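Hello,

I am passing a structure on to you, and I hope you enjoy looking through it. Please open it first, and then read on for what turned up.

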Amino acid sequence: MRFDAEQWRYCPRCGTGLADAHIGELPRRVCPDATCGFIAWGNPVPVVCALIECLDRDGQMLLARNAAWPEGKFALVTGFLERDEAPEVAVAREVKEETGLDTQAVHWIGNYNFADANQVLLVYHVQATGEIALNEELAEVKLIAKDKLKGWERGTGYAVLDWLAMRSVEGG
């Protein structure tokens, strides 16, 4: 479910109807009751994302299709960062939970804004091994040779494009 403060109608603290205001030059939903002072900041949710390299499958890259997505739509394995959890630990946990793979190494790619879902994506290149066992969140995966992998201009695809560009500069 997507958090969308713009859709809120009532203050979650006092129940007063929210009003529109500009704070810090951005539109916000605010409680007009001065004694309450609630502001719906609409902060993005941190999401960890894994570009998975399967070390025991000739280094093929794993992309996944979420069970809620249409046929043919694949992206990176993603999941929410839990409270008090380091992002590097979270991405390894998500890889294990969703694919059954064991993380061997985690390398930072970058962070990306995903305004469509009010998320900030923390993206890692994850080297993993083991048997693939999908959980209920994923419908299927596909393995792609590194030299056939292509990025896309949306969501996690920007990280794939950046990773491919880094590999090209490094000669890998």
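Which residues are linked in a network of salt bridges? Before the reply, please keep in mind that this is a predicted model. The residues in the network are E85, R93, E94 and E97.

**The charged pairs**

Let me start with R93. Its side chain meets that of E85 in a salt bridge, with N and O 2.7 Å apart. R93 also forms a salt bridge with E97, where the closest N and O atoms are 3.3 Å apart. You will find both E97 and R93 in helix α1, which covers residues 87-99. They sit 4 residues apart there, about one turn of the helix. As for accessibility, E85 is buried at 16%, while E97 is partly exposed at 39%. Side chains of opposite charge can pair when their charged atoms come close.

The count for the structure comes to 10 salt bridges. Another one of them joins D20 and R29, at 2.7 Å from N to O. Here D20 is exposed, with 64% relative accessibility, whereas R29 is buried, with 13%.

**A sheet of three strands**

D20 and R29 also lead us into a sheet, since R29 in β2 is the bridge partner of D20. Strand β1 (residues 19-23) and strand β2 (residues 26-30) run antiparallel and are joined by 5 bridges. Their hairpin has 2 residues between the strands, and G24 takes a positive phi near 60° in it.

On we go to strand β3 (residues 39-40), which pairs with β2 in the antiparallel sense over 2 bridges. R29 appears again here, with A40 as its bridge partner in β3. V30, for its part, stands opposite I39 in β3.

Put together, the 3 strands form an open sheet with antiparallel pairing, in the order β1-β2-β3. β1 and β3 are at the edges and have a single partner strand each, so one side of each is left without a neighbour in the sheet.

**Aromatic rings**

How many aromatic pairs does a search of the whole structure find? It finds 2 aromatic pairs. W8 and F38 make a stacked one, with 5.7 Å from centre to centre and 10° between the planes. W8 belongs to the segment before β1 and F38 to the loop between β2 and β3, so this pair ties together parts that are 30 residues apart in sequence. W8 counts as partly exposed at 27% relative accessibility, and F38 counts as buried at 11%.

W108 and Y124 have ring centres 5.0 Å apart and planes at 70°, so their pair is edge-to-face. This pair links distant parts of the chain, with W108 in strand β7 and Y124 in strand β8, 16 residues apart. Is each ring buried or exposed? W108 is partly exposed at 46% relative accessibility, and Y124 is buried at 4%.

While you have the rings in view, have a look at W69 too. K73 lies over the face of W69, at 5.1 Å from the ring centre.

**The nonpolar cores**

In soluble globular proteins, nonpolar side chains tend to be buried together. In this model, the largest nonpolar core has 18 residues. The members that touch the most others are L51, L76, I109, L121, V123 and L149. At least two residues of this core come from each of β4 (45-54), β5 (60-66), β7 (102-114), β8 (119-129) and α2 (157-170).

V123 is a good place to zoom in. Leaving aside neighbours within four places in sequence, V123 is in contact with C49, L76, W108, I109, G110, Y112 and A159. So V123 touches W108, the residue whose ring forms the edge-to-face pair with Y124. Another core, of 16 residues, lies apart from the largest one, and V91, V95, L122 and V126 are among its members.

If you want a route for a first look, you could begin with the network of E85, R93, E94 and E97. From there, try the open sheet of β1, β2 and β3, and finish with V123 and its contacts.

Happy exploring, and all the best

Key. Residues numbered from 1 in each chain as written. Predicted model: local features only at pLDDT ≥ 70, side-chain atom pairs only at ≥ 80, totals over all residues. Heavy atoms only, no water. Salt bridge = Lys/Arg side-chain N within 4 Å of Asp/Glu carboxyl O. Buried < 20%, exposed > 50% of the residue type's maximum accessible area, 1.4 Å probe, protein only. Pairing = 2+ DSSP bridges. Core = buried A, V, L, I, M, F, W, Y, C linked by side-chain atoms within 4.5 Å. Contact = heavy atoms within 4.5 Å. Phe/Tyr/Trp six-rings, centres within 6.5 Å; stacked < 30°, edge-to-face > 60°. Lys NZ or Arg CZ within 6 Å of the ring centre and 35° of its normal.
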